[in-house]
Amino acid sequence: MRGLPRPLQPFLTWVTGVPLAEDELKVRWRPTLALIAGLVQTTAGIALGVSALTRPWYLLAPLVLLAWPTVAGGMRRLDVVVVHQTLHRMFTGSTTGNRIVSEIVTTLLWRPPYDGNRQEHLTHHAFPCSLKDGDTVYLQSTGARPGMSRHEFRRYLLRTVFSPAHHWGFLSSRIRGNFLSLSPLYRMTMAYGYLAGTVAFVSLTGWWLEWLLFWFLPATFFFQNQTLLYTLSEHRWWIHDNAERLTKAQRDQLTFGRFCGTPVPDPAGAGALARWGAWTGWWLRMVLLYAPYRMWILVGDTVQHDLHHVRPKVDWANSSWIRNDDLASGNADRYFEAWGGLLTHVYVGNSVRDWTAVPSAPIAATRAG
């Protein structure tokens, strides 16, 4: 892709998750911008959905279908980027600030309160992909297992995405965590206050349909499915048989860079029509397949989730460049990667037959700054 016109490179960097080795970081992302991005995406998706209700039927359906995953993707950005970093106390400079941000966002999204969420996540880091890891147990409960063929895995995905048992189990755990747990009194007060405020607001405005369609449905069915798909590709869950004690090299093998894209076409010797078809197909995949994946599921810095486990205390908001720097500074042997899209990444994460991550290659240290 480096041979494509320079103005296209920022878009390609965002979609793939990989900047050119010689690129310099021109706009430094801050944690606050990650929060704003999540809020803007969520709000824009809701606005798109609500406006669709006033459109003719032939516009209503596609706009609503676009709004649902967009709202849920914004919520995922707030959860898996913002809340995640508060659990590591890496979102704000103070312990109290991280707690406040986390409690507000998790209350709005019906996600676990800070203390229990942080403890569970630290256990995940201490015993990744083991049976002590709540994410491993969650995936096992959905029927995920290693060694499936692509056909078997696709059947599993289709069954789980529409499984009432999966969705009710996920939602009921969120209900318990917010309304029935022994969480701090202030957090219970926030949860019930938010519930009361929501009921009062939709009752006074009469916007029950809008709330159900563009908040409740994205926050449940779509959010939970996008969480499932993200989690399936988050690690190589089964390669060490869920062992608790691993060497540093084995722990590094559990994560991989989930990069989006395929090599540009090289139709050498082909006719003009064949070249046009190859390039059209390539761009359609980049724009209609990989870009939505980045917007809805693989959001923010999660492309470089391997960096988070190798070096959790780095400038996470600019992780694309940090990972490149590591590859240029003699640490490439700690990184693995898989290029493609959602199916490629979930196949690799679940050891679907013949699918694996490959070691990342060192890059020349040619970029300044």
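In this predicted model, the lining of the second largest pocket comprises 12 nonpolar, 8 polar and 7 charged residues. The volume of this pocket is about 750 Å³. Its lining is made up of 27 residues. Nearest the centre of the second largest pocket lie T13, W14, W29, S320 and W321. Two or more lining residues come from each of α1, α2 (31-52), α3 and α14 (319-327). The largest share belongs to α1, which supplies 4 residues.

The largest pocket was examined next. It holds about 870 Å³ of space. A total of 33 residues line it, and R111, P112, E120, D135 and F170 are the closest to its centre. Its lining divides into 9 nonpolar, 15 polar and 9 charged residues. At least two lining residues come from each of α3, α5 (114-126), α6 (134-142), α8 (164-180) and α10. Of the contributors, α8 gives the most, with 8 residues.

Attention then turned to helix α12. This helix runs over residues 272-296 and has 25 residues. At 1.5 Å a residue, α12 should span 36 Å. Its end C-alpha atoms are 35 Å apart, so the expected span and the model agree. The helix does bend, by about 30° at Y290. A proline, P292, follows Y290 within four residues. Both Y290 and P292 are among the buried residues of α12. The others are W282, M286, A291, Y293 and R294. Several elements cover these buried residues, including α1 (9-16), α3 (57-87) and α10 (208-234). The cover also includes the strands β1 (257-260) and β2 (336-340), together with α15 (342-349). Two of the covering helices, α3 and α10, also supply residues to the lining of the largest pocket. Helix α1 is part of the cover too, and it contributes to the lining of the second largest pocket.

A further proline, P312, sits in a loop. This loop lies between α13 (305-310) and α14. The relative accessible area of P312 is 28%, so this residue counts as partly exposed, a class that falls between the cut-offs of 20% and 50%. Beyond its neighbours within four places in sequence, P312 contacts M90 and L307. M90 and P312 are 222 residues apart along the chain. Their C-alpha atoms, however, are separated by 9.2 Å.

Key:
Residues are numbered from 1 along each chain as its sequence is written. This is a predicted model: local features need pLDDT of at least 70, side-chain atom pairs count only at pLDDT 80 or more; totals for chains, interfaces and linings use all residues. Side-chain values use heavy atoms; hydrogens and water are left out. The expected span of a helix is 1.5 Å times one less than its number of residues. The bend at a residue is the angle between axes fitted to the seven residues ending there and the seven starting there. Buried means under 20% relative accessible area, exposed over 50%, partly exposed in between (1.4 Å probe, protein chains only). Contact means heavy atoms within 4.5 Å. On a 1 Å grid over the protein atoms alone, a cavity is a set of points where a 1.4 Å probe fits but cannot get out, and a pocket is an open set with protein on both sides within 12 Å along at least five of seven lines; lining residues have an atom within 4 Å of a point. Grid points are joined across faces, edges and corners, and a volume is the space filled by probe spheres set on the points. Ala, Val, Leu, Ile, Met, Phe, Trp, Tyr, Cys and Pro count as nonpolar, Asp, Glu, Lys and Arg as charged, and the others, Gly among them, as polar.
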